[in-house]
Amino acid sequence: MGKGRALSEGVIKKILLSYTYVAIRIFLSFTVIVYNKYILDKKLYNWPYPITLTMIHMAFCSSLAIILIKLFKIVDPVSMSRDTYLRSVVPIGALYSLSLWLSNSAYIYLSVSFIQMLKALMPVAVYSIGVLLKKEAFKSRTMTNMLSISFGVAVAAYGEAKFDVWGVVLQLGAVAFEATRLVLIQILLTSKGINLNPITSLYYVAPCCFVFLSVPWIFVELPVLREASSVRFDFVVFGTNSVCAFALNLAVFLLVGKTSALTMNVAGVVKDWLLIAFSWSVIKDTVTPLNLFGYGLAFLGVGYYNHCKLQALKAKDAQKKVQASDEEAGKLLDVRESERNETKD
């Protein structure tokens, strides 16, 4: 009885700890998105310089990552040659910088709620690019689901009260670059046995992003910043914003192995709906019934896609366990056979 109670208490404690980590991640992700919107929106903080903001994040995150790895040695750097870095990490850094630049720029033109709805196209982009790069197999059922997600987002866009074409182009571009980055991570890194956690990712990718972003910054934002007399740099605002961005990456690192992929997917859904509710109730963005209906359709499609992916991963893991068990049994039979032969001799 005592053991059962202790076991129950241990399981409950583990569940509570797991969901505490998830809640922290939701809170930090929510905070970073809302904070970026606050800084960039012309009606709020009115600091419409997305490249500069992204470069501040990259400089801060890369500096902290270097300190954590080199000074405190929290994680070990990945063994990587210069050629591997140039061929694998640099392209991913370029795509990441473009994705961050465009997604932050979209906050100037679109509401937080509508941006979250457009982000529902991420599985569509990842699957389509995966098929084009022969990383995913084409399946008519999956493609039908992708079309249903796209239809849902199209309905949400049709119902958007403050539709801005340029803002939509920026956000769709961000989705496309981010999806390509995710597929290339599998092709250029994971397939070569290189696994980067969020800390080592910042260590290798953030400085690369900073360099790439500096090119458009020199031509696009630097001349404007020089001419603008009202530009102010608040160390408290940008410092806390950068801390939140780094803390989000650190939370992802701490969550690895602490919870399941299903829990993380559910957490992502909860965060999206919370942002839509916050955008409508606090920021006072207009959310129409057609918005919600379209996003609801897309949400069902994304949920089904995630369910199928999780089932496929479970089947793959089960197959690996069976193969490992068969190999172990085969080795045991070989040992017994050799022992019999030795006894006969």
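A disulfide is a pair of cysteine sulfur atoms within 2.5 Å. Keep that cut-off in mind as you open this predicted model, and let's start with the cysteines.

**Stop one: the cysteines.** Select Cys208 and Cys209 and show their side chains. The sulfur of Cys208 has its closest cysteine sulfur in Cys209, 6.0 Å away, which is too far for a bond. By the 2.5 Å rule, the model has zero disulfides. Switch on a surface and check Cys208 again: this residue is buried, with 8% relative accessible area. Then jump to Cys308, which counts as partly exposed because its relative accessibility is 31%.

**Stop two: a pocket.** Next, select Lys37, Asp41, Lys43, Lys162 and Asp285. You are now looking at the second largest pocket, which holds about 330 Å³ of space. Its lining comprises 17 residues, and the five you selected are the closest to the pocket's centre. Colour the lining by class and you will find nine charged, six nonpolar and two polar residues.

**Stop three: two unusual backbones.** Most residues other than glycine have a negative phi. Which way does phi go at Asn46, positive or negative? Here phi is positive, about 60°, although Asn46 is not a glycine. To find Asn46, follow helix 1 (2–40) into the loop that leads to helix 2 (50–71). Asn46 is partly exposed there, at 39% relative accessibility.

Finish at Lys134, in the loop between helix 5 (122–132) and helix 6 (140–158). Lys134 is not a glycine either, yet has a positive phi of about 60°. With the surface still on, you can see that Lys134 is exposed, at 76% relative accessibility.

Conventions: Residues are numbered from 1 along each chain as its sequence is written. This is a predicted model: local features need pLDDT of at least 70, side-chain atom pairs count only at pLDDT 80 or more; totals for chains, interfaces and linings use all residues. Side-chain values use heavy atoms; hydrogens and water are left out. Buried means under 20% relative accessible area, exposed over 50%, partly exposed in between (1.4 Å probe, protein chains only). On a 1 Å grid over the protein atoms alone, a cavity is a set of points where a 1.4 Å probe fits but cannot get out, and a pocket is an open set with protein on both sides within 12 Å along at least five of seven lines; lining residues have an atom within 4 Å of a point. Grid points are joined across faces, edges and corners, and a volume is the space filled by probe spheres set on the points. Ala, Val, Leu, Ile, Met, Phe, Trp, Tyr, Cys and Pro count as nonpolar, Asp, Glu, Lys and Arg as charged, and the others, Gly among them, as polar. Helices (H or I, at least four residues) and strands (E, at least two) are DSSP runs, numbered from the N terminus.
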